[in-house]
Every structure is written in structure tokens, then in C-alpha cells.
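Please walk through this model with attention to its aromatic contacts and its surface charge.

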Amino acid sequence: MEAISRESYLAYAGHQKTADLQPIYRRYDRALSTEALELTLDAFRSSRSGTDENRSAQSLLEWEIESQAAKPLAALDEREIAWENTAVIHSADGRVIQYQAAPIEIANTRDRKARLALDAARVELVRKEHAPLRLERLQREKEYIESLGIAGDYNASFEAVTGISLTTLGESCETFLRDTKSMWDDTLRGVLRRMGIKPADAKRADAHAIFRASEYDDAFPANEMEAVMRRQVTEMGIDPTAGGRIIFDVGDREGKRSRAFCSPVRVPEEVYLVLRPHGGQSDYNTFLHELGHALHFGYANPDYLFEFRWLGDNSVTESYAMLFDHRMQDRRWLLRYTKLGSNRVEKFLRTAGFEELHFLRRYCAKLLYERALYSGDVNWSELPDLYVSLLSSATGFEYDAADAFVDVDPRYYSARYLRAWQLQSILNEQLTSRFDVDWFRNPSAGPWMAGELFAEGQRENAEEIAARAGADKLSFDPLVRKIEGLLEG
């Protein structure tokens, strides 16, 4: 894990052109043998639910399955990483733009005609070169995991190993999309009207520009961002670098991915927070999100078993990330740590509510699409049309069929995100009850979070942590209430 994580960090952060994954898999071939899979499978099936023995076996089995699937795909992954780091887009005005930087350029292009032209060039490149790589990987991964015989098919295998019901979560997503449709339609119509865009003409590239919210750039100065984050965590009573274990990699670099990430190379000793600047409030939001991850891994109990520090239900680490990024929906946080001021904060909060509702609806639609993709019930050739239908309907922005296999997070990570949204709302209520509404600057809150939450790694899953916080179940209901409050302002 350390070798794979370090190699991935170096490639995705732009320090090297590609990742040499195949030699690593050969070096540790014994850990990914048939015997190793049988060992973890036997341990999982023979352990009692709810025990640490079962938690350990479950985490190791899930890791074993994912790693065994990744091993024969390593050459393909190397090709994709190398392609992403060298591919360029030729814009209509003659510019040559790095493929990795395309989302940043699109979000920052204010002229709509130029923005759509740039996205059209990106789409054409994806259609010809990137989508075929992603399609091959998805097909081969599905085939390989089903060949292991863990359960009937890919979806059944995922449910059996993780304990996450895709049916139950899918039904919750369908209900959420239905219940929030009128609220979304009304809100989106107003936003598009102010931009001079007809609802029937709205494209996904327009969404990138809207959520960039460049009109607030002066309130979120780039040269103060890291200092603001360090100050807030310090005021919470803990070290933002966890004693030097967390390294901030937040500058621009050619080859660095536009999508930020946290790379735990050694847990808890060496954790990288990686961000390629887009500008303004989106960078603050992203930094906060990755900071939640970094603090989680950086404060994990070093004496815990490997699987409790590194593995487990990633809904948990995503909930800590969202707990921090949701401070961008917190009036008190914004007034204390940004330059919005009381005259603009309410308008910004309405923008934040719009963005929150959009992304929740997007990820609900993604889960429904990915469930169909992995089910095998829909032909691969028909999936792009389904992707466009589901995502466009949920968001009100027209998606392109070329992205149908590129816009897929591996191994149902969309499910982890959705569960994390639900868990963070529970944790926020718990922190508010313990440390008041401004828990983010309470010097007692940080040590409590480090000791009671972060130190546990991912030994417990999202449901267990929610229960420990006094909640009956994970639900979208608190999120809907929060969004309604933000939009009503």
C-alpha cells in the first residue's frame, strides 16, 4: 500500500509523467495470491458480525478483491496516467491547454461561447482517446471481480463484502431526486435567468462556471488560503500538520491533476494534501475537504492494525472531509475566516445552498447510473444514452455521452460520498451539542475529534459511528432541511 500510494502521489501530483505500478504488483505478488484471497474470505465468513475480528476480515477482504482486480489492470492504468499527463486540447483561439487543466480553464472562462467551444474540444478528445481506455478498464474490472465468485455478480459481490445495500441507497436517491425536484427547478431557473441562459440550453460547462463563483474571488484571496486553514485548525486546539505528518502540496504544477486529493502514503506518518488551484471560493472549499481527510489520517492511532488505519468504509473519511468543507455553508465560519462581510454573506450562502443541492442530485443520479452500469442489465453501447438521460435530468445541465465512462468513480465511490453527506450532518449536530455552534474554533473540539473520531481510523463503518453519535439511521432528511434554510436565507 505504501509503494502504490507513493507512486500514485508522485504521478497524480505531477512529479513524474507516469506511475510504474507493474513492478510493485510483481514485488508483492504473494500478498495478492489465490491463497491470500481464500485466507481473507475464510476469515470474513467465519467471524462474528460486529466484532473487531469481523471488521478486520471485512476490510482486508475488500482490499484483497480490489487489489487483485487492479493487478492485471496495472499496465492499462499506467497508460491512462501517462496519457492524462501528456494529452493536450487545442482551443478554437489557438491555445494549447493541458488536458489535466481543462476543467480549470472551462470554469474560469467567462465568455460563454469560448467556454462551450473549449468544452467541445475536450469532449472530442475524450471521445477519441480517453473514453476507450476507461471503457476497457470498467469492462475488465467487472469481468475479473465476477470471476472470483464472491457472490452472483458485481453488484452482489460489492454488497456482500461491504454490507452496503445498493437497493436501499438507490431507493433513497430516487426519493431525494423526486422530493427536491421542484425546489431544484425553481432555484436553477433563477440562476440561469441571471446568467442569460435559457434552461433548455444549459450545458455542464455552464455549471463549472457557475460554481466557480468568481464574483466572490476578493473574499477568498489565494495568498491567504493556507494561513486561514492553519489558523482555524489551530484555534480548534490541534496542530494542522499533525506534528509535521501532513504535508501541504497546494501550488500549481504542470501535470498535477485538477481534481484535488489526499494521499496517505504512510498512515499516520506521511500524508499529502494535494490541490491544484482553480481560484476563489472553490479552492477554499476543496482545501477544507482535503484537510478533513488529512487530519483523519494524520491523527490515526499508530498502534492500530494496518487495516484499521488504512482501509475500511471510506464513507467515514469522506464524512470528515465534508464536515470541514461544509464550513463554507456556515455563516459564523465565513464571517470569521473570509472577507465576505455581513453585507454579502447571505447571498453567498444561497449560492452555497444551490451548489449543495446540485451536487447531491448529481451524485444520486451517478449512483443510479453506476448501478445500471455494473448490473450488466444494460448493454455497454446503450450506457452513454442512459448516462446523459439520468445526469441531465437530475441536474438540469446537459451532459455529453463521451463522458459516460470517464465520469465513473471506481468501486461505487459515489455510494461512499452519499453516505458521507448523511453522516457529516449527524456529526455536525453532535459537535454543535458538545461544543456549541462555533465548534470549529473551540479549543476543546479539536482534541476531542482527534481522540474520538480521527484516532479510530476506519475501524467502524458509517452506521456504527452514526449510532455512537445517537442517530437511528443515515438519512437525507437533515440535508434537505439545511438546504431549504440556505436557499430561503
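**Aromatic pairs and a charged patch**

Trp83 has a relative accessibility of 12% and therefore counts as buried; buried means under 20% relative accessible area, exposed over 50%, and partly exposed in between (1.4 Å probe, protein chains only). This is a predicted model, in which local features need pLDDT of at least 70 and side-chain atom pairs count only at pLDDT 80 or more, while totals for chains, interfaces and linings use all residues. Residues are numbered from 1 along each chain as its sequence is written, and side-chain values use heavy atoms, with hydrogens and water left out.

The structure holds 29 aromatic pairs. Rings of Phe, Tyr and Trp (its six-membered ring) pair if their centres lie within 6.5 Å; planes under 30 degrees apart count as stacked, over 60 as edge-to-face and the rest as tilted. Trp83 and Tyr99 have ring centres 4.7 Å apart and planes at 65 degrees, so this pair is edge-to-face. The pair links distant parts of the chain, 16 residues apart: Trp83 is in helix 5 (residues 74–86), and Tyr99 is in the loop between strand 2 (96–98) and helix 6 (102–108). Helices (H or I, at least four residues) and strands (E, at least two) are DSSP runs, numbered from the N terminus. Tyr99 is buried too, because its relative accessible area is 9%.

Tyr387 and Tyr399 form another edge-to-face pair, 5.7 Å centre to centre with 80 degrees between the planes. Tyr387, at 0% relative accessibility, counts as buried, and Tyr399 is buried at 4%. A single aromatic cluster is formed by Tyr154, Phe158, Tyr374 and Tyr412.

Arg350 lies in helix 17 and, at 35% relative accessibility, counts as partly exposed.
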